[in-house]
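Could you walk me through this model in my viewer, one selection at a time? I would like to know what to pick next and what I will find there.

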Amino acid sequence: MLFLYGALSGEAAPCPGFELGMPALNMRTYIVHETTRDPRRLRRAEAFVASGLGSGAFAPVVDRVFGLEEIVEAHRYLEAGTQVGKIVVAVDH
């Protein structure tokens, strides 16, 4: 099963396996509106995420934390696209 997330680059998405002669790949498109515009699906999705967060099954991976005074550097780091995980900007209150 192959999951492709996002379509921001506008470039063709690589599909590994084709060049290896693997069996045909079945693909299904997905848009977030399939869930967000259907109240029943949205409730199920919210419950799924809340459960994963509550149990610890979903835990964000933080790549790097920047202070608010480093926002320009944080943005450059984000644009470089080399991070693995989330980029966090800490704001002191």
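Is Phe66 buried or exposed? Select Phe66 to begin: its relative accessibility is 1%, so Phe66 counts as buried, the cut-off for that class being under 20%. Keep in mind along the way that this is a predicted model.

**Stop 1: the ring beside Phe66**

Add Tyr77 to the selection. The ring centres of Phe66 and Tyr77 are 5.8 Å apart and the planes make an angle of 55°, so this pair is tilted; edge-to-face would need over 60 degrees. Colour by secondary structure and you will see Phe66 in strand 1 and Tyr77 in helix 3, so the pair ties together parts 11 residues apart in sequence.

**Stop 2: Arg64 and its two partners**

Keep Tyr77 on screen and bring in Arg64. Arg64 lies over the face of Tyr77, at 5.1 Å from the ring centre. Now show Glu73 too: the side chains of Glu73 and Arg64 form a salt bridge, with an N to O distance of 2.8 Å. Both ends of this bridge can be checked on the surface view. Arg64 is partly exposed at 32% relative accessible area, and Glu73 is partly exposed at 38%.

**Stop 3: the other salt bridge**

How many salt bridges does a search of the whole structure find? There are two, and for the one not yet visited, select Glu34 and Arg41. Their side chains meet at 3.9 Å, N to O, where the cut-off is within 4 Å. Glu34 has a relative accessible area of 22% and is partly exposed; Arg41 is also partly exposed, at 39%.

**Stop 4: the other aromatic pair**

The search of the whole structure also finds two aromatic pairs. For the one still to see, select Phe48 and Phe58: their ring centres are 5.3 Å apart and their planes stand at 65°, so the pair is edge-to-face. Phe48 belongs to helix 2 (residues 39-55), while Phe58 is in the loop between helix 2 and strand 1 (62-67), so the pair ties together parts 10 residues apart in sequence. Switch on the surface here: Phe48 is exposed, at 56% relative accessible area, whereas Phe58 is partly exposed, at 33%.

**Stop 5: a nonpolar patch**

Leave the surface on and select Leu68, Ile71, Val72, Val89 and Val91. Together they make a nonpolar surface patch of about 380 Å². One of them, Ile71, lies in helix 3 (residues 71-80) and is partly exposed, with 41% relative accessible area. Helix 3 is also where you met Tyr77.

Terms used:
Residues numbered from 1 in each chain as written. Predicted model: local features only at pLDDT ≥ 70, side-chain atom pairs only at ≥ 80, totals over all residues. Heavy atoms only, no water. Patch = residues over 30% accessible without salt bridge, like charges linked within 9 Å, V, L, I, M, F, W, Y side chains within 5 Å. Areas by Shrake-Rupley, 256 points an atom, 1.4 Å probe, with all protein chains shown as cover. Helix = DSSP H or I, 4+ residues; strand = E, 2+ residues; numbered from the N terminus. Buried < 20%, exposed > 50% of the residue type's maximum accessible area, 1.4 Å probe, protein only. Phe/Tyr/Trp six-rings, centres within 6.5 Å; stacked < 30°, edge-to-face > 60°. Lys NZ or Arg CZ within 6 Å of the ring centre and 35° of its normal.
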